[in-house]
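Colleague: Could you take me through the interior of this model, one question at a time, and end each reply on the name or value I ask for?

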Amino acid sequence: MPSRRIHLIAPAGACRTFTEALGFDSSAQLVKLVQDVIGDRYRVTADHAILEAGEDERLGGRRDDDARVHDINMALADGDAAAVVGLRGGAWMVRLTPRIDFSALERRAAPVALFGFSELTPLVNIVAGYRQGRGIYDMGPAFLGYGLRRYAAQRGYSDLSGWAKGQLRPQFEDYLRDVVGMIEGRGTTRSIEAKLLRGALPSTSESIRIAGGNLTVLSTMVGTPWDAFIRPRRRWLMLEDFNDKLERVDRFLAHLTLAGYWEDCPGLLLGDFHQGDVDQRPAVLELLEFHLPRNSDMPVLTTDVVGHTWPMSPLPLNTPLRLMPLGDGTLRIAADRASVRTVED
């Protein structure tokens, strides 16, 4: 058996519906599928009790906090863990943050990549802040069901559920192969293209770094001991959110403004914002005019492929990225392939 492993975690919302959507009766079948797709170069591991846990918002959401914290701590400390994959976002994760032993990353001899988004925003940003951490803001694959159905609805497909169900497994398998490609230094097949909406871009010879994630969850870190991992001092800020009222988006942006987040922020990447069928980005851009520094040439880019959307592309946080002009105000945001690598040939 190989020593290097890829560990599946479900520290936020429950994964039962994802397992069932794939046609499985247990998490063991899910793990077997991942192992079959990834092949025999890595062991695929998971805590099955955590993957099969339920949630009840009347009872604190989840009752397995101790187990979830232990699962994350063990993965971050294990030198054989090449990647940790968060299966979904959801809820109930942020409260675990103070109990996670991130100092284990300081003792690692080899890097570890953590993939996640949404509720895992703090986890991904903090891991990315350590020399041996690689934080990749990327779709939790359990989100695929929602993302595929929304994609089909936007394009007027007649059989939304049937098309989405047929795409679920192959898209999940493609995602897993992409994870392996990134940690082995081959890079991703899912690129990020963005458009410049305002401001002036830095020289294309300069690299940028990005912090950020889901706006609602990100705001919980402001002013905490983990603030430094998301504060955009000489780093761009990426923001995305979904299914929230614009008045709440305005409050979250005001929180960043009051905390001085724009004072040393060189740029902003605006990902997907939507509520139901409504694209909220035009309204969010209007809100930003009340928050961004006046008479500032801070560049603001927008992209369709980061956030609660499908297709979604991975965004490596706190790692050098290049802005590559493609013409007509469109750019590609690209990382050096080796920047996410955690394993050697």
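Colleague: Is strand S3 enclosed or open, and how many of its residues are buried?

Modeller: This is a predicted model, in which local features need pLDDT of at least 70 and side-chain atom pairs count only at pLDDT 80 or more, while totals for chains, interfaces and linings use all residues. Residues are numbered from 1 along each chain as its sequence is written, and side-chain values use heavy atoms, with hydrogens and water left out. Strand S3 (residues 81–86; strands are DSSP runs of E with at least two residues, helices runs of H or I with at least four, numbered from the N terminus) is largely enclosed by the rest of the structure, because the number of its residues that are buried (under 20% relative accessible area, with exposed over 50% and partly exposed in between, for a 1.4 Å probe and protein chains only) is six of six.

Colleague: Which residue of S4 stands opposite Ala83?

Modeller: Strands count as paired if DSSP finds at least two bridges between them. S3 is joined to strand S1 (residues 5–9) by five bridges in a parallel arrangement, and Leu8 has Val85 in S3 as its bridge partner. S3 also pairs in the parallel sense with strand S4 (residues 112–116), over three bridges, and there the residue opposite Ala83 is Ala113.

Colleague: Which helix gives the most residues to the largest nonpolar core?

Modeller: A nonpolar core is a set of buried Ala, Val, Leu, Ile, Met, Phe, Trp, Tyr and Cys residues joined through side-chain atoms within 4.5 Å. The largest one has 107 residues, of which Phe115, Phe172, Leu239 and Trp262 touch the most other members. Nine residues of this core come from the helix that gives the most, H7 (residues 160–183).

Colleague: What is the volume of the largest pocket?

Modeller: A pocket is found on a 1 Å grid over the protein atoms alone, as an open set of points where a 1.4 Å probe fits, with protein on both sides within 12 Å along at least five of seven lines, and lining residues have an atom within 4 Å of a point. The space in the largest pocket is about 560 Å³.

Colleague: Which element gives the largest share of that lining?

Modeller: Of the 27 lining residues, the closest to the centre of the largest pocket are Arg88, Ala142, Phe143, Tyr146 and Phe242. Helix H1 (16–21), helix H6 (144–154), H7, helix H8 (215–218) and strand S8 (236–242) give two or more residues each, and the largest share, four residues, comes from H7.

Definitions and conventions: Points joined across faces, edges and corners; volume = space filled by probe spheres on them.
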